[in-house]
Amino acid sequence: MIGIFTGLAVTLYSAYSRAASRGEEGETLNSVLATLLQAKERMEALENGETFLLSFKLNAGGRAAGTLWVKPENRAKSENLGRMGFTFRGMEMEGLTLVLEDGALIRLSGGSSDLLSPSSLVGMSEVRENGQPRWLRVDVHHLVVENYEFQLASTSPVSLRFTCTSDNYREKPENGRPNRENVVLRLEVSAEDREAWRKYLTYLVSVLPPYYRVSADPATLTLTVLGFEDPGVKDILYYERWTRVRVEVV
Amino acid sequence: MMERGVVTVVAATVLVLLAVMALALFLPPFLESQTKSGEMKQAEEVREVFSQLQTELYRLSQGESRTFVFPMAPSSFFLYPTGNAATLSFGARWTENDFGRVTYSMTTRSYPSYTLVLEGGGVVLEQGRRSLVILPPFLVRTLDLGDNLVRVEVEWIYLVGENVRVSKRGPATLTLQGLEERYSVWAENEPNAENVVVDLTGRVEYDNAWGRYLQELRDELNARGLNASASGLRLTVSGKVTTPGIKDLYYFERYRKVGVWLA
């Protein structure tokens, strides 16, 4: 009898423990996802000298749910603009990673990457005169993660401080006149995130009007904007903004 | 000694049987109540997300983005899943005027299944065969300028993106990106319209809900003395002066295009 009861109790406890840990991991996933989305939106709005704090829940129940990491821009290799993310460790979500790179939120799982929230890297709008489109405005806004590399795991929430160390335009029109005939943008991103960025470029081309003459080459991650006019005529107002952000543990 | 052993075994068996009977009696209603509360919680959360979505849709400037997280299934109780996974989709018919829509469909076990839809800046609830605009859009705004003159502003919201359908138990994300906003019609120094026609034909999918909404809007505008009439999916606002040939409306038409990404 004692054997039967013990066996039953062990089975029930193990099932309960598995369900509880799945619930806790789910809670942590929701929380990390929401916090990274907040980080993305607030980084996009950051200007010179501004700062904000975010608290990350890194635990699932009483144990660390994974690793929060920051890999800064690699200027020597020029391979990417810096990334930060969270890699889960646990029964249900082993290996799942959420990455924030150049304003995009990406999910890495089982060797593939998926775009959870597209970046605001490229924006386009018409400059109209008397109701008719005259010029095309193209805004490119890069978000660079700088500072030292770190990773941490914790059984309690951790606060990160995001500080904008510089925010400036590398290129912009002068006297409100178009400065480009066309724009060719080649994305420098981490190799494991390339599939997600391909999806971003495809999405971008699909939502923009065809008369902007925007095309993407997914193989080289290149976006080309030809604008309204044929070669030889500058009809694009091109703005290239770079915002550099330092991420630190408080 | 032998008798004591038999009594213990019988007593333990009876106890186990009693426990199993109690479990069989109380577990189903308990799981049912867990299912109900899970469904209710999820429905409230989803409605709240749609409310935020609608608010942000009108706040979003060109180049800005906002992301929302949708719960796709009620939380499980122990190892018992208390509901199915919802379906979140974005769809647009490839017609020039279609508004495009985000649809969240949930097949529930205890409460009636429901679908929430964001289209044309409003939120429509469909339950059974009935549909209703539960969060109306800011489609027509009017301002009395005095001297029988009225400013009428109509705002069209278009959702664009790739047609996508997501169904899973984990959270789904929806990102809105402000792509374009401008006035397609505006009045300068004098009235530019005798009447304004708002025509939703071919732009929306839930015709009945939008038809009823336009009737409510008509009544509201008439209460302000703006002589409105509604027929099907067309609303006409004539303003305070209905004499043909007299322009008494400053008419502004605003156009907003928002990109949608689901994952």
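**Exercise 1. In this predicted model, determine how many bridges join strand 2 of chain B to strand 3 of chain B, and then place strand 2 among its partners and describe its faces.**

Solution. Begin with the pairing itself: strand 2 of chain B and strand 3 (residues 101–106) of chain B run antiparallel and are joined by 5 bridges. Within this pairing, B:Gly91 stands opposite B:Arg101 in strand 3 of chain B.

Next, turn to another partner, strand 9 (residues 164–167) of chain B, which runs antiparallel to strand 2 of chain B and is joined to it by 4 bridges. Here B:Thr87 stands opposite B:Ser167.

Finally, consider the two faces of strand 2 (residues 87–91) of chain B: B:Leu88 and B:Phe90 make up the covered face, whereas B:Thr87, B:Ser89 and B:Gly91 make up the uncovered one. This arrangement can be read against a general rule, namely that in a regular strand the side chains alternate between the two faces of the sheet.

**Exercise 2. Work out the strand order of the open sheet of 5 strands in chain A, and identify its edge strands.**

Solution. The order is 1-12-16-10-9, and the pairing is mixed. The edges are strand 1 (51–56) and strand 9 (122–129) of chain A, each of which pairs on one side only. Neighbouring strands of this sheet are turned against each other by 25° on average, direction ignored.

To follow one edge inwards, note that strand 9 of chain A pairs with strand 10 (residues 132–146) of chain A in the antiparallel sense, over 8 bridges. In that pairing A:Gly123 has A:Asp139, in strand 10 of chain A, as its bridge partner.

**Exercise 3. Decide whether chain A is a compact globule or more spread out than one.**

Solution. First take the inventory of chain A, which holds 2 helices and 16 strands. The radius of gyration of chain A is 23 Å, whereas the globule rule gives 18 Å for 250 residues; the value is well over that figure, and therefore the chain is more spread out than a compact globule. As a further description of its extent, the C-alpha atoms of chain A fill a box of roughly 90 × 35 × 35 Å along the principal axes. Of its 250 residues, 33% count as buried.

**Exercise 4. Find which residues touch the most other members of the largest nonpolar core.**

Solution. This core has 109 residues, and those touching the most other members are A:Leu204 and B:Val260. For A:Leu204, leaving aside neighbours within four places in sequence, the contacts are A:Val122, A:Ala216 and A:Leu223.

Key
Residues numbered from 1 in each chain as written. Chains lettered and ligands numbered in written order. Predicted model: local features only at pLDDT ≥ 70, side-chain atom pairs only at ≥ 80, totals over all residues. Rg over C-alpha atoms; globule rule 2.2 N^0.38 Å. Buried ≥ 20, exposed ≤ 12 C-beta atoms within 10 Å, placed from the backbone. Pairing = 2+ DSSP bridges. Axes fitted to C-alpha atoms, helices over the stretch in contact; angles between N-to-C directions. Core = buried A, V, L, I, M, F, W, Y, C linked by C-beta atoms within 7 Å. Contact = placed C-beta atoms within 7 Å.
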